[in-house]
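Please examine the structure shown below. The account that follows considers the surroundings of two ligands and the packing of certain helices.

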Amino acid sequence: MPAPTPSTATFLVVANRLPVDRSIDEAGNVSWRTSPGGLVTALEPVMRKHGGAWVGWHGAPDEVVETFEHDGFTIVPVPLSTDEVEEYYEGFSNATLWPLYHDSVAFPEFHREWWDAYQSVNRRFAEKAAEIADEGATVWVQDYQLQLVPQMLRELRPDLNIGFFLHIPFPPIELYLQLPWRRQILEGLLGADLVGFQTVGGSRNFLQLVKTHTPLKVNRDAVEMPDGRQSVSRAFPISIDTQGFRDLANSPEVIAMAEELLDDLGHPETIFLGVDRLDYTKGLRQKVRAFGELFDSGELDPSKSVFIQVATPSRERVEEYVRLRNDIDLLVGRINSHTESLGRAPIVYRHASFGRDTLAAMYRIADVMVVTPLRDGMNLVAKEYIACHASDDGALVLSEFAGAARELKQAYMVNPYDLNGLKSTLVKAGSDDPAEKRRRLRALRKQVNTHTIDAWADNFLTALTANRAL
Ligand code: ADP
Ligand code: G6P
């Protein structure tokens, strides 16, 4: 019998994560859930619009899953063994690169075996993309887990149009230089025709490193490659499906959920909200501590104000994440146990993932959205809040260390390391003059309305095609 022809695609996204995660419960029932994180939130609408194939891992080790159709595009699962999950995903990706690229806010670990696993898994992703890409197809490789894929793929398939986008910060030069495999990663990225970063600073650091640590010639934002190509590097700040989020927040179901939530909370005067993956880059310790002190000192009255923090479980077997989870449980418990009232706790903390409708309901009712990362590539939660908060009385408190701070300039900016500054900004955002809040929120809305995920994808793909045509 002839082997079935593998399906091919003219547009491919290659990312470590698929948009859906496979999980199996104790009874052996299989279910698929939306995967966590900003990459999936941003790229899902892009794929729904463009169609094509999404190549990625389905989130469960040691399982081979067949290609299937989902929401108008093809899902192409790449398997990872238990050892690869440990060494490539939890190890090199999330205990070496993730902390290093986020200003070393946790200590990055360097292990040679992890690097070996990173190379072999990157090769598997490159081979899978090479197998299913049509002649001359566009392949868009995503994020820090797959930085070697552009070069590996180019060697296999020089006919392809290869783009790469880094969703997290590209670090300062002196931090990047700690990486024992710094040259290989630069070369890996340069396999792409276009390398996109969240900020101008990121692309500047990258180009400077190419200039100083490779023999290649850099011409403004273009690197002259030995095969006659140019590899261009530029900033493309990512965004969300603004209209999609707004429509969801204004749907009758979400409005009803928001009312129910308000009833459950006892209609407090001021609702502060945090929505994050449980990650040490998100400044959760600082945020919780600030609220603890504000409730303790009486600057915030627990009978009138509440701080809701929802945190999606993330990378739960990596040591720093285990530590963070325990720290937050302890801190929140201690603060809530101090309160004198027997009613609702001042901090409502849930370590869980919520549906997008529930998040939209929370954004609707939150008077102050609190986004305090110590370092973040962009932070889509900040943009989701602006899209979803229906009235003009909302306020966004935003860390100056989030990529989003470059665009959302009218937010109440904070340095999350400055506890007193953070506390006073939280109080100000909660009690500011309504006209001032309105002015800020309108300016923020204008930004998020005009800089959408559609515009982001169009800008990137147009620049990619233009570069290839040179
Ligand atoms: P990161 O990509 O680092 O997680 P972003 O803020 O860019 O940070 O994106 C996080 C995404 O995950 C957002 O789309 C947000 O809505 C979603 N998210 C965060 N916390 C939760 C939660 N508790 N339940 C469901 N989704 C969440
Ligand atoms: C961030 C990263 C993504 C990652 C997501 C969730 O958004 O930039 O690449 O997919 O976090 O993390 P996880 O490790 O669960 O995929």
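Which polar backbone atom is 2.8 Å from a nitrogen atom of ligand 1? In this predicted model, the atom belongs to the backbone of Phe-354. Phe-354 is also listed with Gly-38, Thr-41, Arg-277 and Glu-384 as the closest of the 19 residues that surround ligand 1.

Two further polar contacts of ligand 1 may be described. A side-chain N or O atom of Thr-312 is placed 2.9 Å from a nitrogen atom of ligand 1. An oxygen atom of the ligand, in turn, is 3.3 Å from a polar backbone atom of Val-381. On its own, ligand 1 has 570 Å² of accessible area, and the protein covers 90% of this area. Two or more residues of the shell come from each of the elements α1, β13 (270-277), β14 (305-312), α12 (356-365) and α13 (380-388). Classified by residue type, the shell around ligand 1 holds 9 nonpolar, 6 polar and 4 charged residues.

Helix α12, which contributes to this shell, also packs against another helix. The axis of α8 (residues 242-249) comes within 9 Å of that of α12, and the two cross at roughly 80°. The crossing angle therefore makes α8 roughly perpendicular to α12. On the α8 side, the contact involves Phe-245, Leu-248 and Ala-249, which meet Arg-356, Asp-357, Ala-360 and Arg-364 of α12. This contact consists of 4 nonpolar and 3 charged residues, with no polar ones.

Attention now turns to ligand 2. This ligand is surrounded by 14 residues, and the closest are Arg-17, Tyr-89, Asp-143, Gln-145 and Arg-315. Two of these make side-chain polar contacts with ligand oxygen atoms: the side chain of Arg-17 has an N or O atom 2.7 Å from an oxygen of ligand 2, and a polar side-chain atom of Tyr-89 is 2.6 Å from an oxygen of the ligand. Gly-38 contributes through its backbone, with an N or O atom 3.4 Å from an oxygen atom of ligand 2. The protein buries 94% of the 380 Å² that ligand 2 exposes when taken alone. The elements that supply two or more residues to this shell are α1 (38-50) and α2 (82-101). The shell is made up of 6 nonpolar, 4 polar and 4 charged residues. Gly-38 is also among the closest residues to ligand 1, and α1 is likewise among the elements giving two or more residues to the shell of that ligand.

Helix α2 leads from the shell of ligand 2 to a further helix contact. The axes of α2 and α3 (residues 112-132) come within 8 Å and cross at roughly 110°; the two helices are therefore roughly perpendicular to each other. The residues of α2 in this contact include Glu-84, Tyr-88, Phe-92 and Leu-97, while those of α3 include Trp-114, Trp-115, Tyr-118 and Phe-125. Between them, the residues of the contact divide into 10 nonpolar, 4 polar and 4 charged.

Key
Residues numbered from 1 in each chain as written. Chains lettered and ligands numbered in written order. Predicted model: local features only at pLDDT ≥ 70, side-chain atom pairs only at ≥ 80, totals over all residues. Heavy atoms only, no water. Near = heavy atom within 4 Å. Polar contact = N/O pair within 3.5 Å; in protein donor to acceptor, adjacent residues only side chain to side chain. Areas by Shrake-Rupley, 256 points an atom, 1.4 Å probe, with all protein chains shown as cover. Helix = DSSP H or I, 4+ residues; strand = E, 2+ residues; numbered from the N terminus. Nonpolar A, V, L, I, M, F, W, Y, C, P; charged D, E, K, R; others polar. Axes fitted to C-alpha atoms, helices over the stretch in contact; angles between N-to-C directions. Parallel < 35°, antiparallel > 145°, perpendicular 65-115°, else oblique. Contact = heavy atoms within 4.5 Å.
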